[in-house]
Amino acid sequence: MKKKRRKKKQIRIILLALIIVLPIVIGTVVFLLYEKPEKNSEAVMLDEVFGLTITHSYIPAANVNRTLIPRPIKYIVIHETDNYSASAGALNHAKYLLLGEAVNGWHYTVDESSIYHHVPDNEVAYHAGTWEGNYYGIGIELCVNEGADFEQTMDNAAKLTAMLIITYDLDISAVKQHYDFSGKDCPHLIREQGLMDDFLNQVEYYLTLYMKRNNLP
Ligand SMILES: [Zn+2]
């Protein structure tokens with residue numbers, strides 16, 4: 001009698017454990033499937049955007065500013081470097097990131113004549129000041145170095161932004177400012193001079209150009 005009762009108790013415990021554990025297992029599987037849509041979690045390496053070359057200068061995987069955390073892409077987050085010295089172009093920011101002196105990192109730096117790519121597009125990087133922005137956003141830094149043509153820098157960033165929208169099947173509403181996530185006054189010049197609409201119009205221009213060139217509706 002005692003043995004039978006013990007067996008019954010064991011079965012009840014196993015059933016109870018299943019009831020508790022199963023939803024967790026199913027939930028985890030669903031979460032993983034949901035968090036990794038095939039559509040836009042694969043990083044694409046663009047070599048050029050509308051004729052402008054992208055230089056790939058990936059930060060070493062061992063650096064503290066590489067998270068190696070894969071994620072889907074929802075946003076393109078616009079920043080400015082806030083470094084006004086004449087030498088603070090994209091190349092020098094690429095060199096700075098290679099040193100891995102701080103945990104902050106971002107995906108692209110754009111100046112008046114070049115684009116540098118630092119982190120795979122589908123990898124988390126710390127640039128937006130919030131979990132949402134860092135986890136789902138591609139960070140683009142626009143250089144504001146003295147003597148450079150900022151209008152041209154914005155145009156180059158618009159080319160890159162448009163191609164990222166096309167590549168990852170996003171739309172114009174995915175383009176955000178750093179400010180939108182954390183409230184930081186970034187991108188500072190664009191915000192101060194009210195240039196965000198100009199920038200978005202430029203992105204739209206390149207989106208339309210791409211559609212026309214590829215005979216897409
Ligand atoms: Zn910023």
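1. Helices here (H or I, at least four residues) and strands (E, at least two) are DSSP runs, numbered from the N terminus. This is a predicted model, in which local features need pLDDT of at least 70, side-chain atom pairs count only at pLDDT 80 or more, and totals for chains, interfaces and linings use all residues. Residue numbers start from 1 along each chain as its sequence is written.

2. L68, in the loop between β2 and β3, has a positive phi of about 60° without being a glycine. L68 is exposed (12 or fewer other C-beta atoms within 10 Å of its own, C-beta atoms being placed from the backbone), with 10 such neighbours.

3. D169 sits in the loop between α4 and β7, and its phi is also positive, near 55°. D169 counts as exposed too, with 11 C-beta neighbours inside 10 Å. For context, most residues other than glycine have a negative phi.

4. Now the sheet: it is open, with 7 strands in the order β1-β2-β5-β4-β6-β3-β7 and mixed pairing (at least two DSSP bridges between two strands). β1 (48–49) and β7 (175–177) are at the edges with a single partner strand each, so one side of each has no neighbour in the sheet.

5. Strands β2 (52–56) and β5 (115–117) run parallel and share 3 bridges; T55 has Y116 of β5 as its bridge partner.

6. Helix α4 (150–167) packs on the sheet, touching strands β1 to β7 (contact: C-beta atoms, placed from the backbone, within 7 Å).

7. Last one to check: the C186 to P187 peptide bond is cis, omega near 5°, with P187 in the loop between α5 (178–182) and α6 (188–192).

Key: Two residues are in contact if their C-beta atoms, placed from the backbone, lie within 7 Å. Axes are lines fitted to C-alpha atoms, for helices over the stretch in contact, and angles run from 0 to 180 degrees between N-to-C directions. A residue is buried if 20 or more other C-beta atoms lie within 10 Å of its own, exposed if 12 or fewer, and partly exposed in between; C-beta atoms are placed from the backbone.
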